[in-house]
Amino acid sequence: MGVLMLSGMAVLAGCSMAVPEAQPTATPAPESGLGAGEQEELDQRLIRAAKDNDVELVRDLIAAGGNVNAKDSLEDSAFLYAGAEGFNEILELTLENGADVKSLNRYGGTALIPASEHGHIQTVKILIDAGVPLNHVNDPGLTALQEAVLLNDGGPNQQEVARLLLEAGADPQITDPQGRTALENARRLGFKELAEVIESHE
């Protein structure tokens with residue numbers, strides 16, 4: 001099916017999972033020559049393809065004018081979702097095509113925060129190199145470094161993510177909502193090796 005045959009395609013499947021009042025975000029797109037409705041449909045197809053980790057379809061949809069910064073009803077964009085899930089080929093494609101590295105997900109966080117939480121080492125490298133803010137605090141009150149400590153197992157991936165963040169300039173003194181630093185949390189959770197990584201950069 002041709003990429004530009006969009007008019008008959010259904011818009012975002014699974015909307016019932018979203019907060020009812022949420023609507024896809026209309027983000028200014030590159031000039032594609034499409035009408036507003038066609039552009040929105042194309043953008044939603046792009047997000048779905050990104051969520052399916054369908055690299056070739058994502059490439060085709062971007063070439064057809066899909067906007068990598070457009071969001072769906074869950075406030076996911078192709079860029080944000082690829083970063084969060086470690087879909088690095090798609091992430092690179094979005095960055096090559098104008099991804100907004102300061103864009104925020106539904107939790108008020110950058111792509112770097114969930115990437116760090118999940119221990120996606122290569123993804124974290126890509127996002128750091130792309131200039132995603134290192135010390136952004138999301139709505140729950142956590143930075144990428146804090147999520148790397150608090151929301152995983154303290155293992156080798158988390159240790160490497162913490163090292164990458166700290167070497168890039170992440171601030172280990174930023175506290176969580178309970179007033180604890182990343183080092184204090186690592187020690188509290190018994191993550192000895194992770195604590196040593198953080199301690200060596202303080």
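A salt bridge, as I use the term today, is a side-chain nitrogen of Lys or Arg within 4 Å of a carboxyl oxygen of Asp or Glu. By that criterion D76 and R106 form a salt bridge, with their closest N and O atoms 3.2 Å apart. Colleagues, please keep in mind throughout that this is a predicted model.

Let me stay with this pair for a moment. D76 sits in the loop between helix 2 and helix 3 (78-85), while R106 sits in the loop between helix 4 (88-96) and helix 5 (112-118). The two residues are 30 positions apart, and their pairing links distant parts of the chain. Is each partner buried or exposed? D76 is buried, with a relative accessible area of 8%, since the cut-off for burial is under 20%. R106, by contrast, is partly exposed at 39%.

The structure holds seven salt bridges in total, and I shall describe two others. In general, side chains of opposite charge can pair when their charged atoms come close. R187 and E199 form one such bridge, their closest N and O atoms lying 2.9 Å apart. Because R187 belongs to helix 9 (residues 182-188) and E199 to helix 10 (residues 192-199), the pair ties together parts that are twelve residues apart in sequence. E199 is partly exposed, with a relative accessible area of 43%. Returning to our opening pair, salt bridges with shared partners join K51, D72, D76 and R106 into one network.

The other example lies within a single helix. E56 and R59 form a salt bridge in which the closest N and O atoms are 2.7 Å apart. Both residues are in helix 2 (residues 55-63), and because they are three residues apart there, about one helical turn separates them. R59 is partly exposed, with a relative accessible area of 35%.

I turn now to the nonpolar interior. The largest nonpolar core has 48 residues. Which residues have the most contacts inside it? They are V58, F79, L112, V124, L127, L165 and I198. Helix 8 (residues 156-168) gives the most to this core, with five residues. As for I198, if we leave aside neighbours within four places in sequence, its contacts are V149, L166, P172, A182, L183 and A186.

Next, a polar residue. N138 lies in the loop between helix 6 (121-130) and helix 7 (144-150), and it is buried, at 5% relative accessible area. What does the side chain of N138 reach? It reaches the backbone nitrogen of L142, at 2.8 Å. Beyond its neighbours within four places in sequence, N138 is also in contact with Y107, G108, G109, I113 and E147.

Finally, some backbone geometry. Most residues other than glycine have a negative phi. N53, however, has a positive phi, near 55°. N53 is placed in the loop between helix 1 (36-51) and helix 2 and counts as partly exposed, at 36% relative accessibility. E75 likewise is not a glycine, and its phi is positive at about 65°. The location of E75 is the loop between helix 2 and helix 3, and with a relative accessible area of 34%, E75 is partly exposed.

To close where I began: the bridge between D76 and R106 links distant parts of the chain, and both residues belong to the network with K51 and D72. Thank you for your attention.

Terms used:
Residues numbered from 1 in each chain as written. Predicted model: local features only at pLDDT ≥ 70, side-chain atom pairs only at ≥ 80, totals over all residues. Heavy atoms only, no water. Core = buried A, V, L, I, M, F, W, Y, C linked by side-chain atoms within 4.5 Å. Buried < 20%, exposed > 50% of the residue type's maximum accessible area, 1.4 Å probe, protein only. Helix = DSSP H or I, 4+ residues; strand = E, 2+ residues; numbered from the N terminus. Contact = heavy atoms within 4.5 Å. Polar contact = N/O pair within 3.5 Å; in protein donor to acceptor, adjacent residues only side chain to side chain.
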